Number of protein chains: 4
Amino acid sequence: MDGQKPFTIGILTSGGDAPGMNACIRAVVRTGLANNARVIGVANGFEGLINGDFRVMGPRDVGGILQRGGTILQTRRSMLFKEARGQREAIRRMNEAGMDGLVVVGGDGSLHGAHALAQQGIKVVGVPASIDNDIWGTNMAIGVDTALNTIMEAVDKLRDTASSHSRAFLIETMGRGSGYLAVMAGIVCGAEIVLVPEVPVSVEEVADAVEDAYRRGKTHAIIIVAEGANIHTTDLARILDEMDVGFTTRVTILGHIQRGGRPTAFDRLLAARLGTRATTALLEGQTDVMVGLQGREIELLPLETVLTHPRTANMEYYDMARMLAR
Amino acid sequence: MDGQKPFTIGILTSGGDAPGMNACIRAVVRTGLANNARVIGVANGFEGLINGDFRVMGPRDVGGILQRGGTILQTRRSMLFKEARGQREAIRRMNEAGMDGLVVVGGDGSLHGAHALAQQGIKVVGVPASIDNDIWGTNMAIGVDTALNTIMEAVDKLRDTASSHSRAFLIETMGRGSGYLAVMAGIVCGAEIVLVPEVPVSVEEVADAVEDAYRRGKTHAIIIVAEGANIHTTDLARILDEMDVGFTTRVTILGHIQRGGRPTAFDRLLAARLGTRATTALLEGQTDVMVGLQGREIELLPLETVLTHPRTANMEYYDMARMLAR
Amino acid sequence: MDGQKPFTIGILTSGGDAPGMNACIRAVVRTGLANNARVIGVANGFEGLINGDFRVMGPRDVGGILQRGGTILQTRRSMLFKEARGQREAIRRMNEAGMDGLVVVGGDGSLHGAHALAQQGIKVVGVPASIDNDIWGTNMAIGVDTALNTIMEAVDKLRDTASSHSRAFLIETMGRGSGYLAVMAGIVCGAEIVLVPEVPVSVEEVADAVEDAYRRGKTHAIIIVAEGANIHTTDLARILDEMDVGFTTRVTILGHIQRGGRPTAFDRLLAARLGTRATTALLEGQTDVMVGLQGREIELLPLETVLTHPRTANMEYYDMARMLAR
Amino acid sequence: MDGQKPFTIGILTSGGDAPGMNACIRAVVRTGLANNARVIGVANGFEGLINGDFRVMGPRDVGGILQRGGTILQTRRSMLFKEARGQREAIRRMNEAGMDGLVVVGGDGSLHGAHALAQQGIKVVGVPASIDNDIWGTNMAIGVDTALNTIMEAVDKLRDTASSHSRAFLIETMGRGSGYLAVMAGIVCGAEIVLVPEVPVSVEEVADAVEDAYRRGKTHAIIIVAEGANIHTTDLARILDEMDVGFTTRVTILGHIQRGGRPTAFDRLLAARLGTRATTALLEGQTDVMVGLQGREIELLPLETVLTHPRTANMEYYDMARMLAR
């Protein structure tokens, strides 16, 4: 950054929204301004980058958004950006607007987009935001803690009614490729058994776990099923009812409420730290990296590394969930 | 009640559970004891009445339950009780246990059971508890206010994510025969349109309302669909997507979380008032009546009257919901 | 309203803020527009009326506010408006802006201001909003239900820690002149005893109630104290500790959180109904009246009547709170 | 553990209660039983250890407690246990009951007690639980995340009313010796300035921060004050009002609600992990250690080390709070 023209940072949110994205936008804007940079908000994700949906952000533009779910910049999935000409158009728009660097907040797909831009010479830093916690290189992504608390509160409600009727509840959580939310929900909700994409189970195994809970005198059973589990939730419910496992079964598909809600303290703090670090990283000249939480520290990792490591399931938690439900 | 043997009150909860049932049980037990009566809790609804699942309740047995959802007495639907021999068996059990009167907390089906017992000479007072608010003779049944707040909080979460993606959300609430919850949710959530069993609408009408919201510059649209509406929620979503109404659509079926959760202040207060009045009514010798909220007062109504009046939809609220969403 | 110039409605919020005020503003704006009126928002209460802090409100200006606490029009206490010249200035500003009528949302002081304007020929309709529920002529004012739920949730939290330490908790609620919130909180929180301005009690009476709870085997005791009770909360705690009532005592003063938070479903609905009716009342040519909830209906009452009737405590609830805590 | 007599584990909670203690008790009981150990619950902390308030815990005794705040084993501060004869008596009771090891869940004082017992040959493992997060050797203690969310939700409510009145709110949080909660609350609540025991500030500095917020056009200011800050909250409010900083000021002392409430997902998970590891550590023969969260892992640390390291403030977060509030 020379004395004449301030360093200009673009910021966009992309992919599925996650609670805490607004807290991250606020951190980027305020950190940028505190460092004499100029910050441009890009609306509608990569689509807005192509269309030039830009507006300069002042400190008051991010006032009152810390506690709001969703993203004030909106987000969209862009088909056009996956093509070379979409990316070329985006780069042209960025140059026109004098953007010196870009912060991309989003999940796996968004980070691929960030990497593609970085490969073409744009300075880009990625921030992981995805309620599924399926991004390698960060212990937690923005939105995970809020989503987990939302699931937990829903299950706390279902337990009231499950106990009153001696029922087994099958609760479907998000997680097409990752069982993280489901396994953690299993521990914090006291589930009998958890079904995740990473660990196929048989219907018999599930039936045994539920029947065992019945025999042990439990007044209800909770079964958490990730969207991507090897058995479909409603199929499972039907089969369990046919098998007679003691409890009658009911299904609840939590759906989109898992993406909403005010961010928790953890997500606001994580978003503040990641957004702040992403901004200083750009100002330091870093590019093609993601900021991630590693233990207690925020670290920079090459996007190349992040995108080529599959995140694996933590079987320790999977086993813990089962042991503690006994 | 003579000086020798205290008046003995039985209490049971029946049908679908509703938040505030525990607050009502507490009120019956404590009001009974304050009036030198004996209170017997009947587990598992009418099924428990037939099986003699009885336990004498002291004041500490209802400690710490005021804030809990569900019902500590559990509830069950009983096929056997619908038959004369089931009722005969129940009456025999009540006599064995020396029960002088019974409080039945539940919905329409439960009040029919209460009425059947009363017709056979048992002193019975009914307390309306049903999240659908489908019981004639009470402005509000126990559980309705909590369910409505639960729906509202879920929609508040969905709105975050709807706005971030420019989406129309179809949210299915409980209400097979009654649109009360859906209409009220429409007002308190700012829904574009509400679909209820009492008012058939065409797909075109819904599409117009959503497209109109899009044209007026809204960043999202909320459509509330009662379970018993004339168009099925997922069908509606598919058709709207085919018609292209500006927004893309998503569906969330709220399901059983609507029955759970800590009761709100309104439901705890209503349960306290209804439970207290039901108990004093029994002690006064009343029978075959329901306690209901009429304006600000708790009144007694003959069960016969309650069960023969269908509750009708309040179109004033239906129209208000539409006007205020503009 | 003639065909040329639309009827113009002003709307202001005044006095202490209450959750649901925004829902009411939204209802006034949207009902006005639906009836072809023009709506002007007045910022900062009567102070803004004097200063001409006016802006024309369109339907999108009240988008996304239904669920927000506080008031987007802000509120202030105005000394100047209490004087004749303040009121004269306000009337001049209203005439300049072409206001044909005014909706005033607020508590007792605000309704006095409304009445003063009406006496000088301005068409004014008042809407009761006051978390204390101290306004005669409406069963509930806007904000009461939310405040009561906020108190209840705080006490639910305190009970966890009270039980773990065998403590008596003294919880001070708002209510300088009215014990409504305290008494209702007593019922819904299961308080041992409630202290309110309307019913002086002696320290001995409180000590007896707490000691009695200890003897009956309770693991904690809850005492609700309205701000305006005859004994000061911290004095009471000190004396109880000196008297040795079994439990050790702790004090929590809930303070301003009672005014905040997202409005509950009840408050959103009440605000929608009152705001809608206030607007149609102005359009019908009504003035110097307040809209109030009477049983299930919204009624109009002369402000004169409202302001000259003191609201009295409902001793029935006071006694119920004590009986149910046993 | 030989084949004849199962290894017997005692578990107690001590000091101030913290949300998640119950989830920890549940984890210890279920992990113990899963490893064929016997688990004895000790009521009332070290006082109960001296008095022999013991009960054998089965798996159902910890059913339904995962989501409850406080501690079902209750907690108390024991003067007697600080003396040698108190400890001697406790050891005698433990031997009588055949306890082979003890899990102590609590804060700094409780861990000192645990260390004292270990020094006398009892096998003891400590689990850090303290909402202040003032224990060295664990990134987070049980209860911190819930307390932080409780503070945040209270401030979210206060912000509604602060904005409606253009006010500065001074909010006092717990933290006599540690500013952790206050600083983190500052970041997640968007506070203008935070006052903590570790960093003395002058009144002028606070006044500047608030006046600066006023000048920048903010509609409210939030000031978080830890209990142990160098200026007392109410003094500060009075002085700010005298100095005229643009906003009028109001004070809210959050008090004991910070200890209550249902534990968050983070606290339930942390409690599960720490409780499980504490139990397996005892079974492995470990003693005089604390289980702590280090980055992503649960580690064992000598209690001696834990108790002799003062935990220091993290100035990075303190500065971040200020920068992000601009």
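**Exercise 1. Is T173(B) buried or exposed, and at what relative accessibility?**

Solution. The structure is a predicted model, in which local features need pLDDT of at least 70 and side-chain atom pairs count only at pLDDT 80 or more, while totals for chains, interfaces and linings use all residues. Residues are numbered from 1 along each chain as its sequence is written, chains are lettered from A and ligands numbered from 1 in the order in which they are written, and side-chain values use heavy atoms, with hydrogens and water left out.

Step 1. T173(B) is located in strand β6 (residues 167–173) of chain B. Helices (H or I, at least four residues) and strands (E, at least two) are DSSP runs, numbered from the N terminus.

Step 2. Buried means under 20% relative accessible area, exposed over 50%, and partly exposed in between (1.4 Å probe, protein chains only). T173(B) is therefore buried, because its relative accessibility is 1%.

Step 3. Contact means heavy atoms within 4.5 Å. Leaving aside residues up to four places away in sequence, T173(B) touches residues including I151(B), A182(B), I224(B), L254(B) and Q258(B).

**Exercise 2. Describe the surroundings of strand β8 (residues 221–226) of chain C.**

Solution.

Step 1. Six of the six residues of β8(C) are buried. A221(C), I223(C) and V225(C) point one way, and I222(C), I224(C) and A226(C) point the other way.

Step 2. Two strands pair if DSSP finds at least two bridges between them. Strand β6 (residues 167–173) of chain C runs parallel to β8(C) and is joined to it by six bridges; here F169(C) stands opposite I222(C).

Step 3. Strand β7 (residues 193–195) of chain C also pairs with β8(C) in the parallel sense, over three bridges, and I193(C) stands opposite I223(C).

Step 4. Together with helix α7 (residues 203–215) of chain C, β7(C) and β8(C) form a right-handed β-α-β unit. A crossover is right-handed if, with the strands pointing away from the viewer, the path from the first strand over the helix to the second runs clockwise.

**Exercise 3. Characterise the interface of chain D and chain A.**

Solution.

Step 1. In this interface, 43 residues of chain D are in contact with 43 residues of chain A.

Step 2. The two chains bury about 3700 Å² between them, 57% of it on carbon and sulfur atoms. Buried area is the accessible area (1.4 Å probe) that two parts lose on being put together, summed over both.

Step 3. A salt bridge is a side-chain nitrogen of Lys or Arg within 4 Å of a carboxyl oxygen of Asp or Glu. The rule finds four across this interface; one of them joins R262(A) and D156(D) at 3.1 Å, N to O.

Step 4. On the side of chain D that touches chain A, the elements giving two or more residues include α1 (21–34), α5 (144–165) and α9 (265–283) of chain D. The most come from α9(D), with seven residues.

**Exercise 4. Which parts of chain A are linked by the salt bridge of E192(A) and K218(A)?**

Solution.

Step 1. The side chains of E192(A) and K218(A) meet at 2.8 Å, N to O.

Step 2. E192(A) lies in the loop between α6 (180–189) and β7 (193–195) of chain A, and K218(A) in the loop between α7 (203–215) and β8 (221–226) of chain A, 26 residues apart.

Step 3. E192(A) counts as buried because its relative accessibility is 4%, and K218(A) likewise counts as buried, at 14%.
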